[in-house]
Amino acid sequence: MTFDVPDLGHNAANTGEASQPEPEAIISVSHLAKRYGSLMAVIDISFDVHRGEIFGLLGPNGAGKTTTVECIEGLRVRSGGTIEILGVDPGVDPHLLRPRIGAQLQESSLPGRMRVWEALRLFSSLLPRGPSWRDVMRQWGLDDKANAAFSSLSGGQRQRLLVALALINDPEVVFLDEMTTGLDPAARRATWELIRRVRAGGTTVVLVTHFMDEAEVLCDRLAIIIDGAVAAVGTLTELVAGSARPTVVQFSLAGRNSLGSLRAIPHVSRVERSGTTVRVFGAPSIVPYVGKVLVDQGVAPLDMVVHRPRLEDIYFELVDGGEA
């Protein structure tokens, strides 16, 4: 199953608005495939990542997310398709790419006795184009842990260090793979703030995750990967617009007011009434029109609630037709 984003008639050609420049694609992946013997880990993956965004790769374990990222980074040789990142084919010239990217791998770790300052100094010496390791340590709030061994750090502190190491060369693109797995809720939220700070500093972020709340909160756009292929790609708004699940506007309406005006709203699929509770079903665009119809009728319900499809709904719709 794939999603088609409907044309709601709001493009520049029919609104008279000036067209917006196309965003710059800093990564382009086209029909990527990766085979391990008889196993096809990646079957057909295509997407672009725009400069300055947080782009998410979302999917279940074993879907092909990490293999895709490792092919983009030049750590694995692809079996088919094309990849371009920062104008470089990672399968041809990975040495040109590595000084310009950063990566926090899925299984990142350091020797247990290595101290925080030692790790930062070591990585800085290998990638000298970035800021000084002392500045990075200060920026990421690791000063008070400078002499702490890696094995003594909490989960959140380890992730903070690993992100700092991924950014030690001031990369143009950074890849963060399952970086909040195993963290408690407070550490996860602190890590989310780190990711936002990375993007605010001008670095494009590719975030690999299987947590839907994480993708929903952080990602400007995302690709949902299932069984080695892209099932859907776009902003959350675009994915919701392409979903078969309706947006529902619910409110209380006293008396026997006619519902005909609500049924006449464009993209309304149905209107239901149960006692004083009214539910209007349709595309996301119905929300402001429902409000206008009610105000025009002199009704302003204080209990109006909008139920939109969430990323979890869309995900399970793609996985198994909505049977979660």
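These legends accompany four close-up views of a predicted model.

**View 1. Strand E3 and its covered faces.** Let us start with E3, the strand formed by residues 54-58. E3 is mostly covered, with five of its five residues buried. Ile54, Gly56 and Leu58 lie on one side of the strand, while Phe55 and Leu57 lie on the other. Both of these faces are covered, and the residues named on each are all buried.

**View 2. E3 with its partners E7 and E8.** Here we stay with E3 and turn to its pairing. Strand E7 spans residues 204-209 and is joined to E3 by five bridges, with the two strands running parallel. Strand E8, made of residues 221-226, also pairs with E3 in the parallel sense, over four bridges. Leu57 is a handy residue to follow in this view: its bridge partner in E7 is Val208, and in E8 Leu57 stands opposite Ala223. Leu57 is also among the buried residues of E3.

Another residue worth finding is Thr204, which belongs to strand E7. Is Thr204 buried or exposed? Its relative accessible area is 0%, so Thr204 is buried, the cut-off being under 20%. Beyond its neighbours within four places in sequence, Thr204 is in contact with Ile26, with the run Val49, His50, Arg51, Gly52 and Glu53, and with Glu172, Val173 and Val174.

**View 3. Helices H6 and H7 side by side.** Two packed helices are described by the angle between their axes and the distance between the axes. For H6 (residues 155-166) and H7 (residues 185-200), the axes come within 10 Å and cross at roughly 15°. An angle under 35 degrees counts as roughly parallel, and H6 and H7 are therefore roughly parallel to each other. H6 passes H7 in a right-handed crossing. On the H6 side, the contact is made by Gly156, Gln159, Arg160 and Val163, and on the H7 side by Ala187, Thr191, Leu194, Arg197 and Val198. Sorted by class, the residues of this contact are four nonpolar, three polar and two charged.

**View 4. Leu97 in helix H3.** Our last stop is Leu97, found in H3, a helix of residues 94-97. Leu97 counts as buried because its relative accessibility is 0%. Which residues does Leu97 contact, leaving aside neighbours within four places in sequence? They are Ile72, Glu73, Ile85, Leu86, Val88 and Pro90. To place Leu97 in the wider model, take Phe316 as a reference: Leu97 and Phe316 are 219 residues apart in sequence, and their C-alpha atoms are 36 Å apart in space.

Note on methods
Residues numbered from 1 in each chain as written. Predicted model: local features only at pLDDT ≥ 70, side-chain atom pairs only at ≥ 80, totals over all residues. Heavy atoms only, no water. Buried < 20%, exposed > 50% of the residue type's maximum accessible area, 1.4 Å probe, protein only. Contact = heavy atoms within 4.5 Å. Axes fitted to C-alpha atoms, helices over the stretch in contact; angles between N-to-C directions. Parallel < 35°, antiparallel > 145°, perpendicular 65-115°, else oblique. Left-handed = near helix turned anticlockwise from the far one by under 90°. Nonpolar A, V, L, I, M, F, W, Y, C, P; charged D, E, K, R; others polar. Pairing = 2+ DSSP bridges.
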